[in-house]
Amino acid sequence: MLQTAIPTLHSTPAARPPMVTIRAAKQRDLPELREMIAELSAHHGDAAPITPEQLERDLFGRTPWITALVAEAGNRLIGYAILVPVYRAAEGARGMELHHLFVRPEARGTGIGRHLVAKAREQAKMAGCDYLSVSAATGNFRAHHFYESERFVPRPVTGMRYMQKLG
């Protein structure tokens, strides 16, 4: 478990800085995790129609589809990362997509995002992955700078992505 002390965000120093723990999400985290997913979606101008049942199914169901890491300070979640397996068939390479990375606004700039990325990297290696990938919107220069500072290498986007609803 990755733990770190982060400085307080208040102008008056606390007697003791809060401890932050980065760990795998647990079922008890589902309400706060769903809340943060909605917060990230709203930040991007999107809706977050995910239901608690869908999130529980995808994290803890019979066939878990995603992995979620959470950053916890005290009794509150302050960030999360969602990982999804991917595969590059032509290379025979297993990978992990850092599908979501989010830190609550009051905890940004404290290193929580970097710790979540480090834990995601560790999880991907433990799963036998050859790479960790992430996407950021074209105009999201803060995210571009952050990921490049974390040693992610930009890759050109080639072509369009298509989707088809099933069922």
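Just after α3, Gly128 takes a positive phi of about 80°. That helix is a good place to start touring this predicted model, since α3 gives the most to the largest nonpolar core, with five residues. The protein averages a pLDDT of 88, and 90% of the residues score at least 70. Below you will find the helix, the cores, the strands and the salt bridges in turn, with a word on confidence at the end.

**Helix α3**

- The helix has 15 residues and spans 21 Å from its first C-alpha to its last, close to the 21 Å expected at 1.5 Å a residue.
- Its buried residues are Ile112, Gly113, Leu116, Val117, Lys119, Ala120, Arg121 and Ala124. Note that Lys119 and Arg121 are on that list along with Leu116 and Val117.
- Gln123 also belongs to α3, but this residue is partly exposed, with a relative accessible area of 21%.
- Which residues does Gln123 touch, leaving aside its neighbours within four places in sequence? They are Thr67, Leu69 and Leu83.
- Gln123 and Leu69 are 54 residues apart in sequence, yet their C-alpha atoms lie 9.4 Å apart in space.

**Nonpolar cores**

- The largest nonpolar core holds 24 residues, and Leu98, Leu116 and Leu132 touch the most other members.
- Two or more residues of this core come from each of β2, β3, β4, β5, α3 and α4. Among these elements, α3 is the leading contributor, with five residues.
- Leu116 is worth a closer look: beyond its neighbours within four places in sequence, this residue is in contact with Ile22, Leu69, Val70, Ala71, Gly79, Tyr80, Ala81, Leu101, Phe102 and Val103.
- A second, separate core has 15 residues, including Ala25, Met36, Leu77 and Phe102. Phe102 is thus a member of the second core and a contact of Leu116.

**Strands β2, β3 and β4**

- Strand β3 is mostly covered, with six of its seven residues buried.
- With β2, β3 pairs in the antiparallel sense over five bridges. Val20 has Ala73 of β3 as its bridge partner.
- With β4 (residues 76–88), β3 pairs in the antiparallel sense over seven bridges. Here Ala68 stands opposite Ile82 of β4.
- How many residues separate β3 and β4 in their hairpin? There are two, and Gly74 in the turn has a positive phi of about 65°.

**Salt bridges**

- Side chains of opposite charge can pair when their charged atoms come close. This structure holds eleven salt bridges.
- Glu72 and Arg23 form one of them, at 3.2 Å from N to O. Glu72 lies in strand β3 (residues 67–73) and Arg23 in strand β2 (residues 19–24), so the pair ties together parts that are 49 residues apart in sequence. Both Glu72 and Arg23 are buried.
- Glu35 and Arg104 meet in another, at 3.0 Å from N to O. Glu35 sits in helix α1 (residues 30–43) and Arg104 in the loop between β5 (93–103) and α3 (112–126), so this pair ties together parts that are 69 residues apart in sequence.
- Are Glu35 and Arg104 buried or exposed? Glu35 is partly exposed, with a relative accessible area of 42%, whereas Arg104 counts as buried at 2% relative accessibility.
- Glu150 and Arg121 form a further salt bridge, their closest N and O atoms being 3.3 Å apart. The pair links distant parts of the chain, 29 residues apart: Glu150 is in the segment after α4 (141–149) and Arg121 in helix α3. Glu150 is buried, with a relative accessible area of 10%, and Arg121 is among the buried residues of α3.
- Glu32, Glu35, Glu39 and Arg104 are joined into one network by salt bridges that share partners.

**Confidence**

- Over residues 1–17, pLDDT stays under 50. For this stretch the model has 30 contacts beyond four places in sequence.
- Where pLDDT is low, the predicted coordinates should not be read in detail.

Key
Residues are numbered from 1 along each chain as its sequence is written. Side-chain values use heavy atoms; hydrogens and water are left out. A salt bridge is a side-chain nitrogen of Lys or Arg within 4 Å of a carboxyl oxygen of Asp or Glu. Helices (H or I, at least four residues) and strands (E, at least two) are DSSP runs, numbered from the N terminus. Buried means under 20% relative accessible area, exposed over 50%, partly exposed in between (1.4 Å probe, protein chains only). Two strands pair if DSSP finds at least two bridges between them. pLDDT is the predictor's confidence in each residue, from 0 to 100. Contact means heavy atoms within 4.5 Å. The expected span of a helix is 1.5 Å times one less than its number of residues. A nonpolar core is a set of buried Ala, Val, Leu, Ile, Met, Phe, Trp, Tyr and Cys residues joined through side-chain atoms within 4.5 Å.
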